[in-house]
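Please open the structure in the viewer and set the display to a cartoon with side chains available on demand. The tour below proceeds by selection, from one element to the next.

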Amino acid sequence: MSTTPPHLEEITPANIEAALALRVRPDQEHLVEPVVKSLAEAYVHPGVAWPRLIRDGDRAVGFLMAFLDIDWKGDGSGTDIRSGLWRLNIDAGEQGRGYGRFAVESVAAEIGRRGGDRLFVTWHPGPDGPELFYRRLGFQLTGETSGGQTVGVLDLSDRHVA
């Protein structure tokens, strides 16, 4: 990381090319959708999708997209409203430098600011997936799957949000 802390930026015409240029390692491409698909989904899910470019100084190092207050069951009952990390793409040359942790902490802070106390995430199961990364950050398995992916949850109730 640079001497300035990493920060998030909204996706704008000024930084969209930097976001679109981000690439995970080739062996990870089957685990996460490319940024371009995430931005298309953000466009068709306004008010739910929260896409952000991760920068360290002036370098684009990653992309995240959160989902905020979705009806998890999708049945319109509103009995299971969830927020969490939808996508996380850290550029291949920037991995292992704390940007993934920063992304999760940033989403946790945003959910906390909105009054939430749980952060959900899904991941592809298997030895090449990111389960160990999420488990090290404190995510617990819910026992659920979503679209063939494992569902994890991080309890935010003991965190203090500024």
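Begin by selecting helix H3 (99-113), a helix of 15 residues that reaches 21 Å from its first C-alpha to its last, close to the 21 Å expected at 1.5 Å a residue. The model is a predicted one.

Colour H3 by accessibility. Eleven of its 15 residues are buried, so H3 is largely enclosed by the rest of the structure. The buried residues include Tyr99, Phe102, Val104, Val107, Glu110 and Ile111. Just beyond the helix, select glycine 115, which follows H3 and has a positive phi, near 90 degrees.

**The sheet beneath the helix**

Which strands does H3 lie across? Display S1, S2, S3, S4, S5 and strand S7 (149-155): H3 lies across these, running at about 155 degrees to S4. Next, show the whole sheet, which is open, has seven strands in the order S1-S2-S3-S4-S5-S7-S6, and is mixed in its pairing. Strand S1 (7-10) and strand S6 (140-146) stand at the edges; each has a single partner strand, so one side of each is left without a neighbour in the sheet. From one strand to the next, the twist averages 35 degrees.

Now restrict the view to S3 and S4, which pair in the antiparallel sense over eight bridges. One place to inspect is alanine 66, whose bridge partner in S4 is leucine 85. Then add helix H2 (residues 35-44), which lies across S2, S3 and S4 and runs at about 35 degrees to S3.

**The nonpolar cores**

Select Leu85 again, this time together with Leu119. Of the 24 residues in the largest nonpolar core, these two touch the most other members. Strand S2 (49-56), strand S3 (59-71), S4, H3 and strand S5 (118-123) each supply at least two residues of this core. H3 provides its largest share, seven residues.

Centre the view on leucine 119 and display its surroundings. Setting aside residues up to four places away in sequence, leucine 119 touches a set of residues including Leu85, Val104, Val107, Ala108, Ile111, Phe139, Val153 and Leu154. A second core, separate from the one just visited, has nine residues, among them Ala19, Leu22, Val35 and Leu39.

**Phenylalanine 67**

Return to strand S3 and select phenylalanine 67, which is found there. Is phenylalanine 67 buried or exposed? Its relative accessibility is 8%, and because this is under the 20% cut-off, phenylalanine 67 counts as buried. Leaving aside neighbours within four places in sequence, phenylalanine 67 is in contact with Val48, Trp72, Arg82, Ser83, Gly84, Leu85, Trp86 and Phe120. For a distance check, pick aspartate 117: the two residues are 50 apart in sequence and 14 Å apart in space, C-alpha to C-alpha.

**Glutamate 94**

The last stop is glutamate 94, in the loop between strand S4 (81-90) and helix H3 (99-113). Glutamate 94 counts as buried, at 11% relative accessibility. Which side chains form polar contacts with glutamate 94? Display arginine 59, whose side chain is joined to that of glutamate 94 by a polar contact of 2.9 Å. Then add arginine 97, where the side-chain polar contact with glutamate 94 is 2.7 Å. Not counting residues up to four places away in sequence, glutamate 94 touches Arg59, Val61 and Tyr99. Tyr99 leads back to the starting point of the tour, as one of the buried residues of H3.

How values were computed. Residues are numbered from 1 along each chain as its sequence is written. This is a predicted model: local features need pLDDT of at least 70, side-chain atom pairs count only at pLDDT 80 or more; totals for chains, interfaces and linings use all residues. Side-chain values use heavy atoms; hydrogens and water are left out. Helices (H or I, at least four residues) and strands (E, at least two) are DSSP runs, numbered from the N terminus. Buried means under 20% relative accessible area, exposed over 50%, partly exposed in between (1.4 Å probe, protein chains only). A polar contact is a pair of N or O atoms within 3.5 Å; within protein, one must be able to donate a hydrogen and the other to accept it, and residues adjacent in sequence count only if both atoms are side-chain atoms. Contact means heavy atoms within 4.5 Å. A nonpolar core is a set of buried Ala, Val, Leu, Ile, Met, Phe, Trp, Tyr and Cys residues joined through side-chain atoms within 4.5 Å. The expected span of a helix is 1.5 Å times one less than its number of residues. Two strands pair if DSSP finds at least two bridges between them. Axes are lines fitted to C-alpha atoms, for helices over the stretch in contact, and angles run from 0 to 180 degrees between N-to-C directions.
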